[in-house]
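Work through the following exercises with the sequence and model in view. Try each task before reading its solution.

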Amino acid sequence: FSPSDPRCNWQPHLVVAVQRQTFAVKLSDSDPKSPQGDSLLWLPVPGGGLAADELLKEARQTLRCIEWSKLTRKLMHGTVCGPDADDISKLFDLSRDLKANETIDF
């Protein structure tokens, strides 16, 4: 992948076990993250093991909006990964909570 692709640092591994709140990834022996003597890395399930409907409810409750007036060409074409990445640390400041009965038209 090119340096600007979000997948540029991904390494292929195999998910070998999935539980409600964790899953195990088998790391190759050459992976620097592989602990000595153990080739499994246990990670939390995104969403903390929530059921799909609970995860969707949480996502809707934390959904944010960026007003059209704050959108710029640079923001729409920005790079978020790689050596030419823009500083995205202030993006949250551009957003706001949704107003009552407001929906996103995505």
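**Exercise 1: a residue after the last strand**

N101 sits in the segment after β5, where strands are DSSP runs of E with at least two residues, helices are runs of H or I with at least four, and both are numbered from the N terminus. The model is predicted: local features need pLDDT of at least 70, side-chain atom pairs count only at pLDDT 80 or more, and totals for chains, interfaces and linings use all residues. Residues are numbered from 1 along each chain as its sequence is written, and side-chain values use heavy atoms, with hydrogens and water left out.

Task: find the phi of N101, then decide whether N101 is buried or exposed.

Solution. Step one: phi of N101 is near 65 degrees. That is a positive value in a residue other than glycine. Step two: apply the accessibility classes, with buried under 20% relative accessible area, exposed over 50% and partly exposed in between (1.4 Å probe, protein chains only). N101 has 80% relative accessibility, so N101 counts as exposed.

**Exercise 2: the open sheet**

Task: give the strand order of the open sheet and name its edge strands.

Solution. Step one: the order is β1-β2-β3, with antiparallel pairing. Two strands pair if DSSP finds at least two bridges between them. Step two: β1 (14-18) and β3 (40-44) each pair on one side only, which makes them the edge strands. Step three: the twist averages 30 degrees from one strand to the next. Axes here are lines fitted to C-alpha atoms, for helices over the stretch in contact, with angles from 0 to 180 degrees between N-to-C directions. Step four: look at one pair. β1 and β2 (residues 22-26) run antiparallel over 4 bridges. L14 has K26 in β2 as its bridge partner.

**Exercise 3: salt bridges**

Task: how many salt bridges does the model hold, and which residues join into one network?

Solution. Step one: set the rule. A salt bridge is a side-chain nitrogen of Lys or Arg within 4 Å of a carboxyl oxygen of Asp or Glu. The count comes to 3.

Step two: take R64 and D97. Their closest N and O atoms are 2.7 Å apart. R64 lies in β4 (residues 64-66) and D97 in β5 (residues 95-97), so this salt bridge ties together parts that are 33 residues apart in sequence. R64 is partly exposed at 25%, while D97 is exposed at 52%.

Step three: take E67 and R96. The closest N and O atoms of this salt bridge are 2.4 Å apart. E67 lies in the loop between β4 and α2 (73-76) and R96 in β5, so the pair links parts that are 29 residues apart in sequence. E67 is partly exposed at 29%. R96 is buried at 19%.

Step four: R96 also forms a salt bridge with E102, at 2.9 Å between the closest N and O atoms. E102 is partly exposed at 27%. Shared partners thus join E67, R96 and E102 into one network.

**Exercise 4: the surroundings of S95**

Task: which polar contacts does the side chain of S95 make?

Solution. Step one: place the residue. S95 lies in β5 and is buried at 13%. Step two: apply the rule for polar contacts: N or O atoms within 3.5 Å; within protein, one must be able to donate a hydrogen and the other to accept it, and residues adjacent in sequence count only if both atoms are side-chain atoms. The side chain of S95 meets the side chain of R64 at 2.7 Å. The S95 side chain also reaches the backbone oxygen of F92 at 2.7 Å. Step three: list contacts, meaning heavy atoms within 4.5 Å. Leaving aside neighbours within four places in sequence, S95 touches R64, C65 and I66.
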